[in-house]
Amino acid sequence: MKQKAAADAFTSTEETTVGIYILKSQDRSEDFWIVLEGQKVLQGLDNFALALAMLFGLMYALNLNYPPEMKHTFEVLQKIVMELEGCARSKKAQVLRNRLYE
């Protein structure tokens with residue numbers, strides 16, 4: 001989930017396992033891309049929330065595992081923010097949820 005200049009984005013997508021790129025043009029408009037396994041799979045999304053929902057949909061439809069270094073981030077987004085499969089949470093996610101609801 002990176003914000004890059006357009007020239008940098010084209011070269012760095014190859015190194016990205018899972019990501020949402022936000023490209024800002026000079027006229028202040030934004031373009032959101034979804035990158036999976038180094039390939040741009042969706043572009044032209046209107047906002048970050050839509051891009052995040054589409055990313056979860058793609059990961060589910062393609063049966064992809066979360067990258068190990070982002071496992072907890074995706075778990076919190078999935079189970080606490082989006083309230084999908086909310087019953088079975090890791091201990092870390094449960095502690096965070098409890099702190100958020102205090």
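Let me begin with a term: a residue is called buried when its relative accessible area is under 20%, and exposed when that value is over 50%. By that criterion, in this predicted model, 32% of the 102 residues of the chain count as buried. The chain exposes about 7100 Å², of which carbon and sulfur atoms supply 52%.

As for the overall layout, there are four helices and four strands, and along the sequence they are arranged in the pattern β-α-β-β-β-α-α-α. Of the contacts between residues at least 6 apart in sequence, 18% join residues that are at least 24 apart.

I would like to spend the rest of my time on helix H2, which covers residues 48-61 and, with its 14 residues, reaches 20 Å from the first C-alpha to the last, close to the 20 Å expected at 1.5 Å a residue. Its buried residues are Ala-51, Leu-52, Leu-55, Phe-56 and Met-59, and because they fall within an arc of 135 degrees when seen down the helix axis, they line one face of H2. That buried set packs against strands S2, S3 and S4 and against helix H3, while the face turned away from it carries the exposed residues Ala-49, Tyr-60 and Ala-61.

At the two ends, a side-chain oxygen of Asn-47 comes to within 3.3 Å of the backbone nitrogen of Ala-49 at the start of H2, and Asn-63, just after the helix, takes a positive phi of about 55 degrees.

Finally, the annotation: an unreviewed UniProt entry places a "transmembrane region" at residues 48-66, a span that in this model is 74% helix and 0% strand, with its end C-alpha atoms 19 Å apart.

Note on methods
Residues are numbered from 1 along each chain as its sequence is written. This is a predicted model: local features need pLDDT of at least 70, side-chain atom pairs count only at pLDDT 80 or more; totals for chains, interfaces and linings use all residues. Side-chain values use heavy atoms; hydrogens and water are left out. Buried means under 20% relative accessible area, exposed over 50%, partly exposed in between (1.4 Å probe, protein chains only). Contact means heavy atoms within 4.5 Å. Accessible areas come from the Shrake-Rupley method with a 1.4 Å probe; for residues, only the protein chains shown count as cover. UniProt positions are given in the numbering used here, feature names are shortened, and annotations may be inferred rather than shown by experiment. The expected span of a helix is 1.5 Å times one less than its number of residues. The arc is that of the directions from the helix axis to the C-beta atoms. A polar contact is a pair of N or O atoms within 3.5 Å; within protein, one must be able to donate a hydrogen and the other to accept it, and residues adjacent in sequence count only if both atoms are side-chain atoms.
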